[in-house]
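Biologist: Hi, could you walk me through this one? I'd like to go over how the parts touch each other.

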2 protein chains.
Amino acid sequence: MDTENIIKLSQAVCAALTDEDDGLKRDILAHTGNRWSLGVIHILGIAGQLRHAEIARRLKGVTQRMLTHTLRHLERDGLIERYDYQEKLPRVEYALTAQGQELLVNMFPLWTWILDHAETFRAARAKFDDAGKAI
Amino acid sequence: MDTENIIKLSQAVCAALTDEDDGLKRDILAHTGNRWSLGVIHILGIAGQLRHAEIARRLKGVTQRMLTHTLRHLERDGLIERYDYQEKLPRVEYALTAQGQELLVNMFPLWTWILDHAETFRAARAKFDDAGKAI
DNA sequence: CAGTATCCTTGCGGATACTG
DNA sequence: CAGTATCCGCAAGGATACTG
C-alpha cells in the first residue's frame with residue numbers, strides 16, 4: 001500500500017473510530033500487551049483444549065502463579081472457558097470461547113503487520129537510542 | 001459471521017501466526033494496552049499535527065508527566081514524530097508517522113470489534129464476578 | 001510552553017513453599 | 001495436578017513543584 005492511500009485510509013479510520021468505552025477498550029487490549037495472554041490464546045487456538053500443565057509446558061518460562069493469573073483474567077473477559085472435571089486428581093481444561101476465537105481473527109492484521117515490520121521497529125528504536133534519547 | 005466459520009477461520013489464523021519476536025510484538029501491542037497511547041494516536045490521526053499542550057487539552061485527565069512519557073515511547077517505536085521548532089518560547093509539535101498511520105489502519109478491525117461487543121464483555125465480567133470469582 | 005525533578009502508591013511479574 | 005499463600009523487586013502511573 002502506498003503512502004497516499006495510507007494517509008487517506010488512516011484518516012477515514014480515525015473518523016470512524018469512537019472514543020467511547022475507553023476503559024473497556026483498554027482492558028481488552030491490555031490482554032494483547034501483557035506478558036502471557038497472547039501466548040495462551042495462540043496455544044489454545046492451535047491445540048483446542050488443554051490442561052493447565054500442558055499450557056505451562058508449551059509456554060516457555062511461565063510460572064504456575066502467572067499462568068493461573070492470566071487464565072483467570074482471560075476467563076473473566078469471556079475469552080476462554082474453564083472446564084473442571086471434578087476428578088479426585090484434579091483435571092481442569094481450558095479452551096477458547098467464540099469470543100476468544102473472534103479476538104484472534106480480528107487481531108490477525110495487526111499481528112502480521114507487526115511481524116512484517118519487525119526490522120523497521122528495531123531500526124527506529126536503535127536510531128532513537130543512539131541519538132541519546134534512550135528512555 | 002457464524003460460529004462454524006469463526007472456528008475454521010481462527011484455526012487458519014493460528015496456523016498462520018508465528019510466535020517469533022514475542023518480545024517485540026508485545027512491546028508494540030503494549031501501546032494499545034496502556035493508559036494514554038491509544039488516545040494520543042487517535043487524536044493525532046484526526047488532527048494531523050498538534051502541540052504538546054493541545055494534546056493535553058484534548059486528552060481528558062492526562063498529566064504533563066504522563067503525556068511526555070507516552071509521547072517519548074511512541075516516538076521511540078517510530079509511531080509518531082516530534083518536530084521542535086527551536087523557538088524562544090518553546091514550540092514542539094507531534095504527528096503520526098507512516099508507521100503510526102499503518103498501526104491505526106491495522107488496528108481498525110480489532111478496535112471496532114471490541115466496541116461492537118462492549119455489552120458482551122461487560123456481561124461476561126458481571127457473570128464471572130457474580131459467581132464469586134472476582135479477581 | 002514544554003518539559004525535568006521528586007516523591008508516592010499501586011499493580012505486574014516472579015520465586016518459593018504449601019495444600020486438597 | 002491445579003492451584004493458594006507469601007514475599008519481593010521493579011516499573012507504571014500519578015501529584016506537585018520547579019526550570020530554560
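Biologist: Let's start with the DNA. Which element supplies the largest share of the surface near DNA strand C?

Modeller: That is H5(B), with four residues. Keep in mind that this is a predicted model.

Biologist: Which other elements give two or more residues there?

Modeller: Besides H5 of chain B, there are helix H4 (52-58) and strand E3 (92-96) of that chain, and H5 of chain A joins them. Both protein chains are therefore represented on the surface near DNA strand C.

Biologist: And which residues come nearest to DNA strand C?

Modeller: Of the 18 residues around the strand, the nearest are Arg35(A), Trp36(A), Arg65(A), Arg82(B) and Tyr94(B). As for the DNA side, 60% of the strand C atoms that come within 4 Å of the protein are in sugar and phosphate.

Biologist: Can you give me some atom-level contacts with strand C?

Modeller: Sure. A polar side-chain atom of Trp36(A) sits 2.8 Å from a phosphate oxygen of DNA strand C. For Arg72(B), a polar side-chain atom is 3.4 Å from a phosphate oxygen of that strand.

Biologist: Those are phosphates. Which residue has a side-chain N or O atom 3.2 Å from a base oxygen of strand C?

Modeller: Arg65(B) does.

Biologist: How does the surface near strand C divide by class?

Modeller: It has seven nonpolar, five polar and six charged residues.

Biologist: On to DNA strand D, then. Which residues come nearest to that one?

Modeller: Arg82(A), Tyr94(A), Arg35(B), Trp36(B) and Arg65(B), out of 18 residues around the strand. Of the strand D atoms within 4 Å of the protein, 61% belong to sugar or phosphate, and bases provide the rest.

Biologist: What touches the phosphates of strand D?

Modeller: Here are three examples. An N or O atom in the Trp36(B) side chain is 2.8 Å from a phosphate oxygen of DNA strand D. Arg72(A) places a polar side-chain atom 3.3 Å from a phosphate oxygen. With Ala53(A) the backbone is involved: one of its N or O atoms lies 2.9 Å from a phosphate oxygen of the strand.

Biologist: Which elements make up that surface?

Modeller: Those giving two or more residues are helix H4 (52-58), helix H5 (64-76) and strand E3 (92-96) of chain A, along with H5 of chain B. H5(A) gives the most, with four residues. By class, the surface near DNA strand D has seven nonpolar, five polar and six charged residues.

Biologist: Now the two protein chains. How are the copies related?

Modeller: Chain B superposes on chain A by a rotation of 180 degrees with 0.0 Å of shift along the axis, at an RMSD of 0.0 Å. The two copies are thus related as by a two-fold rotation axis.

Biologist: Which residue of chain B comes closest to that axis?

Modeller: Gly33(B), whose C-alpha is 2.7 Å from the axis.

Biologist: Why do you say the copies meet through the same surface?

Modeller: Because 98% of the interface residues of chain B are interface residues in chain A as well.

Biologist: How many residues are in contact across that interface?

Modeller: There are 64 residues of chain B in contact with 63 of chain A. The buried area comes to about 6,700 Å², and carbon and sulfur atoms give 69% of that.

Biologist: Which part of chain B contributes the most residues to the side touching chain A?

Modeller: H6(B) has the largest share, 17 residues. By class, that side of chain B has 31 nonpolar, 17 polar and 16 charged residues.

Biologist: How many salt bridges are there between the chains?

Modeller: The count between chain B and chain A is ten, and the structure holds 28 over all chains. The interface also has 20 residue pairs in polar contact, with both residues at pLDDT 80 or more.

Biologist: Can you pick out a salt bridge for me to look at?

Modeller: Try Arg125(B). Its salt bridge with Asp77(A) has the closest N and O atoms 2.4 Å apart. That pair crosses between chains, from the loop between H5 and strand E2 (80-84) of chain A to helix H7 of chain B.

Biologist: Which other acidic partner does Arg125(B) meet, at 3.1 Å?

Modeller: Asp27(A); the two side chains form a salt bridge at 3.1 Å, N to O.

Terms used. Residues are numbered from 1 along each chain as its sequence is written. Chains are lettered from A and ligands numbered from 1 in the order in which they are written. This is a predicted model: local features need pLDDT of at least 70, side-chain atom pairs count only at pLDDT 80 or more; totals for chains, interfaces and linings use all residues. Side-chain values use heavy atoms; hydrogens and water are left out. Contact means heavy atoms within 4.5 Å. Buried area is the accessible area (1.4 Å probe) that two parts lose on being put together, summed over both. A salt bridge is a side-chain nitrogen of Lys or Arg within 4 Å of a carboxyl oxygen of Asp or Glu. A polar contact is a pair of N or O atoms within 3.5 Å; within protein, one must be able to donate a hydrogen and the other to accept it, and residues adjacent in sequence count only if both atoms are side-chain atoms. Ala, Val, Leu, Ile, Met, Phe, Trp, Tyr, Cys and Pro count as nonpolar, Asp, Glu, Lys and Arg as charged, and the others, Gly among them, as polar. A residue is near a molecule or strand if one of its heavy atoms lies within 4 Å of it. Copies are superposed by least squares on the C-alpha atoms of residues with pLDDT of at least 70 in both.
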